[in-house]
Each structure stands twice: as structure tokens, then as C-alpha cells.
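Q: I would like to take a close look at one part of this model, and then see how the rest of the chain is arranged. Could you walk me through it?

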Amino acid sequence: MDFLPILIKEITPNQIFILGDLFHFGQENTPFVSQTLTFFSELNQEVLIIGGNHDGILIKNQIEKWSQGNLHIYFDTFLCYETSHDKIWFAHDGNNPYWLDKSEVPSFLTSLKKIYEIQEQYWLITGHTHLPCIIEEMKVASLGCFNTEGHNQPLSYGIVTESGNQITFSLHDAEELYYQWKRSARSK
Ligand SMILES: [Mn+2]
């Protein structure tokens, strides 16, 4: 979570999508939940949070309390962002909450797209895998985790850009940006 304020400041996105498992089982009554949601609710950007297999119920119980102003919490399987000519689909795991080996990530992403009949020309971006993965030609991707606790996986974030009539998606190394920021902060 230390990364987040820095990333938001550096990237200045118009909207922020959180693709699930922001919280973990058993965190229901911890201050971390309200601290995190307060942080998001005080941003200038619209924040859309989708529940994952670890925090879906927790998120569901927070919808009424927190879904107001700039903050929107969803318990849905998919979120679709639509422009006049293009779409992008966001999901946590598409109701497939299984543990995935690194080698299974590409087939997980492509099969989700097929199962849910998401048209080839639209991007599908998921959370859940803990591994940053992007397959340009299939227009599928997953984000890495965003929390160093309990994981030894690369941290990543994605950027959705609208250029002309088309949505493009790119994946970025969160730690790289963080250390760049730290270096420049130190040299000032
Ligand atoms: Mn998950």
C-alpha cells in the first residue's frame, strides 16, 4: 500500500480500477479496511473496486457504507469500461478461484475470455494470478499483486489509455517506478 499514493501522484489517472483481493480473509474488523477505503474515498479520481475470492464477501458488506462519492464497490464478476468505439473488461478471477501455477496463467486468461464469450477485439484484464502477464495478440492480461506481504512476486500496475477510437493496455513494474521516485526524491 505504500506504493499507491506515489503511483497515483506520478501517473495521475482519471480513474482507478482495483481488480480484487485488496483485502484478505479475516480482515473484516481490522482498521486496515477502513483506512484503505478512506484513502480511496479522499482521492480526486473515481475509484472502482471489484471483489475477489479473498475479499468478495468483505467487499459486499462494505458496499452500502462506502459506495458513495468517487468510490464504487462492486461484487460483480466483470466490470466493463466502454468508450464510444471500444470496450475493456475487468475481472478478478471470473469465478475461478483456484490457485494457479505460473505456467497456467496464459491459459487461464485465454480460457476466461472464451468461456465468457468476450469478443476477441476487446481486452480482458484480471487480478488473482499474482503474476504480471500480458499477451498482446490475444488481448488478455493479468496484474501482479500489489502487496509485498506474504508474496515474493513482482508488483505491477496497468495503464488503460484511450487513443483515437481505441483502448490500449500496458503493464508496468511498480517497483521500478517506486525506486525511481525514491532516487529522485533523495537527489532533491
Ligand atoms: Mn484471488
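Q: How many residues does the largest nonpolar core have, and which of them have the most contacts inside it?

A: Happy to take you through it, with the reminder that this is a predicted model. The largest nonpolar core counts 37 residues, and the ones with the most contacts inside it are I18, L19, I49, W89, F90, L124 and I125. As background, nonpolar side chains tend to be buried together in soluble globular proteins.

Let us start with W89. Leaving aside residues up to four places away in sequence, W89 touches F78, C80, I118, Y122, W123 and L124. L124 is therefore both a contact of W89 and one of the core residues with the most contacts.

W89 lies in strand β5 (87-91), and β5 is among the elements that cover the buried residues of helix α4. The cover also includes β6 (123-130), β7 (133-135) and β8 (140-144). Helix α4 itself spans residues 105-115, and its buried residues are V105, F108, L109, L112 and K113. These lie on the same side of α4, because the arc they cover around the axis is only 130°. S107, K114 and I115 sit on the other side of α4 and are exposed. Just after α4, E117 adopts a positive phi of about 55°.

Other core residues lead to a sheet. I18 and L19 from the list above fall within β1 (15-19), an edge strand, and I49 falls within β2 (residues 46-50). The sheet is open and has three strands in the order β1-β2-β3, with parallel pairing. Its edge strands are β1 and β3 (71-74), each of which pairs on one side only. On average, neighbouring strands of this sheet are turned by 15° against each other, direction ignored. Between β1 and β2 there are five bridges, and Q15 stands opposite E46 in β2. Helix α3 (residues 56-66) lies across β2 and β3, and runs at about 150° to β3.

Further along the chain there is a hairpin, formed by β9 and β10 with two residues between them. Strands β9 (residues 156-163) and β10 (residues 166-173) run antiparallel and are joined by eight bridges. S163 stands opposite Q166 in β10, and G164 in the turn has a positive phi of about 65°.

Helix α5 covers residues 174-187, and Q180 has its place there. Q180 counts as partly exposed because it has 13 C-beta neighbours inside 10 Å. From C-alpha to C-alpha, Q180 is 13 Å from K9 in space, although the two are 171 residues apart in sequence.

Now for the chain as a whole. It has five helices and 10 strands. Its radius of gyration is 16 Å, close to the 16 Å that the globule rule gives for 188 residues, so the chain is as compact as a globular protein of that length. The C-alpha trace spans about 45 × 40 × 35 Å along its principal axes. Of the 188 residues, 32% count as buried. Among contacts with a separation of 6 or more, 59% are between residues 24 or more positions apart.

Definitions and conventions. Residues are numbered from 1 along each chain as its sequence is written. This is a predicted model: local features need pLDDT of at least 70, side-chain atom pairs count only at pLDDT 80 or more; totals for chains, interfaces and linings use all residues. Two strands pair if DSSP finds at least two bridges between them. Helices (H or I, at least four residues) and strands (E, at least two) are DSSP runs, numbered from the N terminus. A nonpolar core is a set of buried Ala, Val, Leu, Ile, Met, Phe, Trp, Tyr and Cys residues joined through C-beta atoms within 7 Å. A residue is buried if 20 or more other C-beta atoms lie within 10 Å of its own, exposed if 12 or fewer, and partly exposed in between; C-beta atoms are placed from the backbone. Two residues are in contact if their C-beta atoms, placed from the backbone, lie within 7 Å. The radius of gyration is taken over C-alpha atoms; the globule rule is 2.2 Å times the number of residues to the power 0.38. The arc is that of the directions from the helix axis to the C-beta atoms. Axes are lines fitted to C-alpha atoms, for helices over the stretch in contact, and angles run from 0 to 180 degrees between N-to-C directions.
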